[in-house]
Amino acid sequence: MRILLIQPPSNIGFIDRVYMHEPLALEYLGAGLKIDGHEVLLHDGRVDPEITAAAEEFCPHLVGLTSYTSQVPSVINLAGKLKNLACRPLVVVVGHHATVRPADFNIGAIDLIVVGEGVKALREIARELAAKQDFESIPGLAIPGEALKFTLKRPHPELDELPLPDRSLSARYRDRYFSEWLRPLASIRTSLGCIGRCTFCALWSITEGKYLRRDPGKVVGELMAIEEKNVFFCDDESMCDVGRMRQLAELIAENNIRKHYFLYARVDTIVRHPDLFAQWRNIGLRQVFVGMESYSDTHLQEMKKGITVAQQEEAIHVLKKLKILPYASFMVDPDFSREDFRSLKACVRRLKLNHASFSILTPLPGTVLFDQNRQDLPTHRPDLFDFIHTVLPTRLPLEEFYAEFANLWQYAVPPHRAIKTFLHYDPRRIPQVLRLLREAMKAMRRGYLDHQEIIGYNARYDENS
């Protein structure tokens with residue numbers, strides 16, 4: 001059976017030029033399908049936008065589409081085009097948004113929605129497509145119709161039960177995967193879920209609060225097969241199981257694996273276990289994504305982040321002392337006043353960060369924050385849930401809010417520190433990066449225009465909310 005797996009482009013064009021991680025989820029799906037002897041083609045629409053043409057040429061029996069929340073409208077549009085192909089494939093949607101809000105995909109062009117882990121589900125769908133087509137017998141599905149019909153819930157398997165991702169499926173794209181200056185870049189998953197209970201995050205709830213881990217020996221085996229020098233750990237949170245990560249570091253050193261690593265870590269983990277980060281620095285850890293989120297202890301408590309401003313400062317001190325780049329991330333609350341914006345900028349300056357990123361606090365479906373604000377959202381249209389538009393009311397006038405947001409990106413990190421960030425890039429890429437920054441600033445400043453245009457659209461998503 002011919003099966004086409006599609007990674008759709010981001011809904012904001014410049015995002016795919018800031019970072020583009022390999023489609024690891026689809027590589028997992030493809031690996032499972034190839035075990036059963038299927039012919040699998042992975043098409044990355046971020047690199048090659050000619051998705052329909054590729055599908056026409058391949059003529060698949062089954063198409064798998066993945067989607068984050070902001071990609072929902074484009075995936076629905078794409079599903080309609082694919083369903084109209086001469087080969088009339090079975091169209092299946094998998095991924096994050098399908099799991100947390102499957103009702104958004106209840107349309108005629110979509111045949112099945114996978115709710116939860118997809119490797120085993122897609123294998124079973126392919127078997128049934130070739131046999132009785134009794135899809136209702138498969139756990140973890142939502143079947144479109146006048147009302148969604150849900151099959152039995154599928155518990156998430158242990159991670160070591162899954163096949164290793166098949167990176168040969170993305171071979172023709174691999175030199176295009178990167179994150180800012182880390183290029184080329186491979187991705188690996190060593191765990192799933194998080195010990196945190198942040199109100200703005202759905203990742204811990206998807207695993208029902210469990211923190212799932214892979215065996216360190218199997219992770220090392222996969223690392224040894226990865227050709228790229230740079231490796232991104234796409235775990236929801238990599239370092240919280242300290243004993244396991246010590247063991248993994250020891251095995252990497254014993255096997256003489258020499259790579260550069262980029263991973264997520266909580267502030268409190270860094271503060272409590274600086275020796276763990278020293279151990280990882282010695283085997284190649286170069287930068288750590290740290291969710292700082294706010295400049296205020298009060299805001300951090302409201303988010304149930306479980307950290308303090310004092311711990312933030314200590315975590316940055318630990319990483320700087322180890323010469324590991326802190327990739328600090330903050331959230332801008334739509335309720336921010338002018339003083340809040342000033343305080344956040346002062347926080348970034350006080351921490352002497354060379355690199356800081358900012359997103360707008362967004363109540364994504366599947367989060368506690370979404371449930372708390374569901375009735376007050378002016379729109380449920382998914383393409384606004386992209387972290388650079390607000391879907392919550394703002395305290396400041398809309399135009400001023402977006403201007404302040406853009407100013408954070410432009411001025412929070414002073415020039416003499418920003419230059420140190422640019423030194424990480426290949427000098428040949430710096431003109432391109434500067435052009436991209438100008439484009440991003442324009443997009444953020446005109447965000448209020450996009451907002452005003454889209455917010456009044458009486459979308460189907462609002463009607464079903």
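# Exercises on a predicted model

An open sheet of seven strands runs in the order β3-β1-β4-β5-β6-β7-β8, and its pairing is mixed. The edge strands are β3 (39–44) and β8 (149–150), each of which pairs on one side only. The structure is a predicted model, and the exercises below treat parts of it in turn.

## Exercise 1. An antiparallel pair

Determine in which sense β6 and β7 pair, and which residue is the bridge partner of isoleucine 113.

*Solution.* Locate strand β6 at residues 112–114 and strand β7 at residues 141–143. Two bridges connect these strands, in the antiparallel sense. In β7, alanine 142 is the bridge partner of isoleucine 113.

## Exercise 2. The surroundings of strand β16

Establish whether the residues of β16 are buried or exposed, and which strands pair with β16.

*Solution.* Begin with the strand itself, residues 325–332: eight of its eight residues are buried. Next, consider the two faces. In a regular strand, side chains alternate between the two faces of the sheet. In β16, one side carries Leu325, Tyr327, Ser329 and Met331, the other Pro326, Ala328, Phe330 and Val332, and both sides are covered.

Then examine the pairing. Strand β15 (residues 285–293) pairs with β16 in the parallel sense over six bridges, and glycine 291 has serine 329 of β16 as its bridge partner. Strand β17 (residues 356–360) also pairs with β16 in the parallel sense, over five bridges; here methionine 331 stands opposite serine 359 of β17. Finally, follow the chain: from β16 it passes through helix α13 (residues 338–350) to β17, in a right-handed β-α-β crossover.

## Exercise 3. The surroundings of strand β13

Identify the strands joined to β13 and the helix through which the chain crosses from β13 to β14.

*Solution.* In strand β13 (residues 230–233), Asn230 and Phe232 point one way, Val231 and Phe233 point the other way, and all are buried. Strand β10 (residues 185–188) runs parallel to β13 and is joined to it by four bridges, with serine 187 opposite phenylalanine 232. Three bridges join β13 to strand β14 (residues 260–265), also in parallel, with asparagine 230 opposite histidine 260. The crossover from β13 to β14 goes through helix α8 (residues 242–254) and is right-handed.

## Exercise 4. A buried aspartate

State which side chain of opposite charge is nearest to aspartate 16, and with which side chain this residue makes a polar contact.

*Solution.* Aspartate 16 is found in the loop between β1 (2–7) and β2 (19–20). This residue is buried, and the nearest side chain of opposite charge, arginine 46, is 5.0 Å away. A salt bridge requires a separation within 4 Å, and aspartate 16 has none. Its side chain does make a polar contact with that of serine 10, at 2.6 Å.

## Exercise 5. Salt bridges between distant parts

Explain why the salt bridge of glutamate 439 with arginine 17 ties together parts far apart in sequence, and treat arginine 338 and glutamate 400 likewise.

*Solution.* The closest N and O atoms of glutamate 439 and arginine 17 are 2.6 Å apart. Glutamate 439 belongs to helix α17 (residues 430–445), whereas arginine 17 lies in the loop between β1 and β2; the pair therefore ties together parts 422 residues apart in sequence. Both are partly exposed: glutamate 439 has a relative accessible area of 30%, and arginine 17 has 38% relative accessibility.

For arginine 338 and glutamate 400, the closest N and O atoms are 2.5 Å apart. Because arginine 338 lies in helix α13 and glutamate 400 in helix α15 (residues 398–411), this pair ties together parts 62 residues apart in sequence.

Terms used:
Residues numbered from 1 in each chain as written. Predicted model: local features only at pLDDT ≥ 70, side-chain atom pairs only at ≥ 80, totals over all residues. Heavy atoms only, no water. Buried < 20%, exposed > 50% of the residue type's maximum accessible area, 1.4 Å probe, protein only. Pairing = 2+ DSSP bridges. Right-handed = clockwise from strand over helix to strand, strands pointing away. Lys, Arg positive; Asp, Glu negative; His and termini not counted. Polar contact = N/O pair within 3.5 Å; in protein donor to acceptor, adjacent residues only side chain to side chain.
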